[in-house]
Structure formats: structure tokens, C-alpha cells
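Me: I'd like to go through this one and ask what stands behind each label. Shall we start?

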Amino acid sequence: MPPKELNFITSNCNKLAEVQMILSGIVPLKSQNLDLPEIQGTIKEISLDKCKRAAALIQGPVLVEDTCLCFNAFKELPGPYIKWFLQTLGHEGLNNLLVAYEDKSAQAVCTFAYCEGPEHDPIIFEGRITGKIVPARGPADFGWDAVFEFDGETFAEMDKQKKNKLSHRAIALGKLKKWLAGSDLARSE
Ligand SMILES: O=c1[nH]c(=O)c2ncn([C@@H]3O[C@H](COP(=O)(O)OP(=O)(O)OP(=O)(O)O)[C@@H](O)[C@H]3O)c2[nH]1
Ligand SMILES: [Mg+2]
């Protein structure tokens with residue numbers, strides 16, 4: 001049964017702000033700031049495990065999200081490890097990684113996982129968008145937004161409302177919204 005409210009567990013205030021904007025008027029959103037351990041594995045495995053850990057800690061229903069940035073030239077890496085690549089190398093370093101490759105394309109992947117509680121299996125909602133890695137343009141206040149270009153604009157240059165209509169996060173939450181509205185077909189599995 002789709003829930004009447006969501007408890008989004010994240011340590012990232014920028015993610016939270018986007019999720020609040022995208023789900024505004026759709027479902028009441030609570031949030032708890034917890035930095036959950038993240039395993040190594042496939043995108044889906046990481047989100048499923050994150051969701052189970054969150055549900056066990058909270059002892060209740062939870063929504064979590066994991067974001068990946070996958071370079072096509074790197075066969076999907078850095079993927080779920082983008083946070084550590086970004087922290088260590090910065091925007092310039094991410095560009096430098098791709099100097100040896102003609103293909104600068106990248107996929108931003110957002111995977112939400114929801115579960116009703118510790119004894120329940122999580123369900124997954126995934127959104128992907130393809131763009132390319134470019135030298136940083138726009139404000140540098142959210143992750144790799146300034147180096148991910150989609151349709152001529154980096155996500156950092158893009159109006160927030162526009163990003164939140166078309167982004168990897170918006171696509172994933174579009175599926176979650178359909179599920180909330182009662183359509184099981186919305187899920188990405
Ligand atoms: O430019 C960006 N535009 C986005 O739309 C976006 N979404 C996430 N990120 C960054 O990518 C890494 C994901 O790691 P991540 O999913 O583990 O997130 P996190 O650890 O910050 O929070 P959480 O795991 O507590 O929810 C972190 O460095 C995030 O800052 C983004 N950067
Ligand atoms: Mg994290």
C-alpha cells in the first residue's frame with residue numbers, strides 16, 4: 001500500500017531541497033539527517049541495502065536515495081563512488097579524468113528506495129539522464145551540477161524549477177509519484 005507520508009533519510013540538504021520541491025503538494029515529507037553506511041555493489045544493491053539499514057535504525061517506514069554519476073567512457077564508473085571522486089579531485093579533476101577519451105558523455109542516475117519498515121522488502125524507483133562532462137560553469141554549491149551539461153546548460157546554470165522538472169531525480173520521483181497514485185506499473189524493476 002502506498003504510504004500517506006514519506007520520511008526521507010539523507011545527510012544531503014541539497015537533495016532534500018530538491019525532493020521537497022518535486023514532491024510539494026503530492027505527499028507530506030518528513031526528513032531525518034543520517035549519513036548511512038553505503039556498501040559496494042550495483043546501483044540497485046547499494047540503494048536496497050541503504051534502505052534496509054535506514055529502516056532498521058528508524059524502526060519505521062523510510063525513503064532513501066543514492067545518486068551516481070557514470071562516465072560512459074569508464075563503463076559507468078565512478079558511479080556510486082562519485083562522492084569520493086568529487087571530494088578528492090574536484091570539478092577540474094573530474095574533467096581531467098576524461099582528457100584521454102573523446103567520449104565525454106555521462107549518465108546521472110538517481111535511485112530511490114522505499115520500505116515500510118525493517119521486516120519489509122524495499123522497492124526501487126530509478127531515473128537516468130544523459131549529459132556530458134564539461135569545465136565547471138555556474139554556482140558550485142551542489143556536488144557535480146557545475147560540470148554536468150544537459151542540452152547546452154550545466155545543471156548549476158539551469159533554473160532550479162527546470163532542473164527539478166527534467167533531472168535524474170525528477171524522473172525517479174515521477175515513478176514514485178505514479179506509484180503513490182496507485183499504479184504499480186510505475187516501478188522501474
Ligand atoms: O551536482 C549534483 N547534482 C545532483 O543532483 C546530485 N545528487 C547527488 N549529488 C552528489 O553526488 C554524490 C552522491 O552521493 P550520495 O548519493 O551518497 O549522497 P550523499 O552522501 O551526499 O547523501 P545521502 O547518501 O546521505 O543521501 C554526493 O557527492 C552528492 O552531493 C549531486 N550532485
Ligand atoms: Mg551518501
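Reply: Let's start in helix H5, the place of Ala172. Leaving aside its neighbours within four places in sequence, Ala172 is in contact with Cys110, Thr111, Phe112, Phe125, Glu126 and Gly127. Keep in mind that this is a predicted model.

Me: What makes Ala172 count as buried or exposed?

Reply: There are 24 other C-beta atoms within 10 Å of Ala172. The cut-off for buried is 20 or more, so Ala172 is buried.

Me: How far apart are the C-alpha atoms of Ala172 and Phe125?

Reply: They are separated by 5.3 Å, and the two residues are 47 apart along the chain. Phe125 is also among the contacts of Ala172.

Me: How do you know what confidence the predictor has in the protein and the complex, and which values does it give?

Reply: For the protein, the mean pLDDT is 95, and 96% of its residues reach 70 or more. For the complex, the predictor gives an ipTM of 0.99 and a pTM of 0.96.

Me: Back to H5. Why is H1 called oblique to H5?

Reply: The axes of H1 (residues 13–23) and H5 (residues 168–180) come within 10 Å and cross at roughly 45 degrees. Under 35 degrees would count as roughly parallel, and roughly perpendicular runs from 65 to 115. The value of roughly 45 degrees fits neither range, so H1 is oblique to H5. As for the hand, the crossing of H1 and H5 is right-handed.

Me: Which residues make that contact?

Reply: On H1 they are Glu18, Val19, Ile22 and Leu23, and on H5 they are Arg169, Ala170 and Leu173. By kind, the residues of the contact of H1 with H5 are five nonpolar, no polar and two charged.

Me: Now Leu6. What makes Leu6 buried or exposed?

Reply: Leu6 has 22 other C-beta atoms within 10 Å. Set that against the 20 or more needed for buried, and Leu6 is therefore buried.

Me: Where is Leu6, and what does it touch?

Reply: Leu6 has its place in strand S1 (residues 6–9). Not counting residues up to four places away in sequence, Leu6 touches Val27, Leu29 and Leu63. The C-alpha atoms of Leu6 and Val27 are separated by 7.2 Å, with their positions 21 residues apart along the chain.

Me: And Asp49, what is its label and why?

Reply: Asp49 counts as buried, with 20 C-beta neighbours inside 10 Å. The cut-off is 20 or more, so a count of 20 gives Asp49 that label. Asp49 belongs to helix H2. C-alpha to C-alpha, Asp49 and Ala113 are 9.2 Å apart, and in sequence they are 64 residues apart.

Me: What about Gln59: why is it called buried or exposed?

Reply: Gln59 has 9 C-beta neighbours inside 10 Å. A residue with 12 or fewer is exposed, so Gln59 counts as exposed. Gln59 is found in the loop between helix H2 (43–58) and strand S3 (62–71). Although Gln59 is not a glycine, it has a positive phi of about 55 degrees.

Me: What is phi of Glu76, and how is Glu76 labelled?

Reply: Phi of Glu76 is near 90 degrees, a positive value in a residue other than glycine. Glu76 has 17 C-beta neighbours inside 10 Å. Buried takes 20 or more and exposed takes 12 or fewer, so Glu76 counts as partly exposed. Look for Glu76 in the loop between S3 and S4.

Me: What kind of peptide bond joins Leu77 and Pro78?

Reply: A cis one, with omega about -5 degrees. Pro78 lies in strand S4 (residues 78–79).

Me: Last one: what makes Glu153 partly exposed?

Reply: Glu153 has 16 C-beta neighbours inside 10 Å. That falls between the limits of 12 or fewer and 20 or more, so Glu153 counts as partly exposed. Glu153 lies in strand S8 (residues 153–154), and its C-alpha atom is separated from that of Gly138 by 9.2 Å.

Definitions and conventions:
Residues numbered from 1 in each chain as written. Chains lettered and ligands numbered in written order. Predicted model: local features only at pLDDT ≥ 70, side-chain atom pairs only at ≥ 80, totals over all residues. pLDDT = per-residue confidence, 0-100. Axes fitted to C-alpha atoms, helices over the stretch in contact; angles between N-to-C directions. Helix = DSSP H or I, 4+ residues; strand = E, 2+ residues; numbered from the N terminus. Parallel < 35°, antiparallel > 145°, perpendicular 65-115°, else oblique. Left-handed = near helix turned anticlockwise from the far one by under 90°. Contact = placed C-beta atoms within 7 Å. Nonpolar A, V, L, I, M, F, W, Y, C, P; charged D, E, K, R; others polar.
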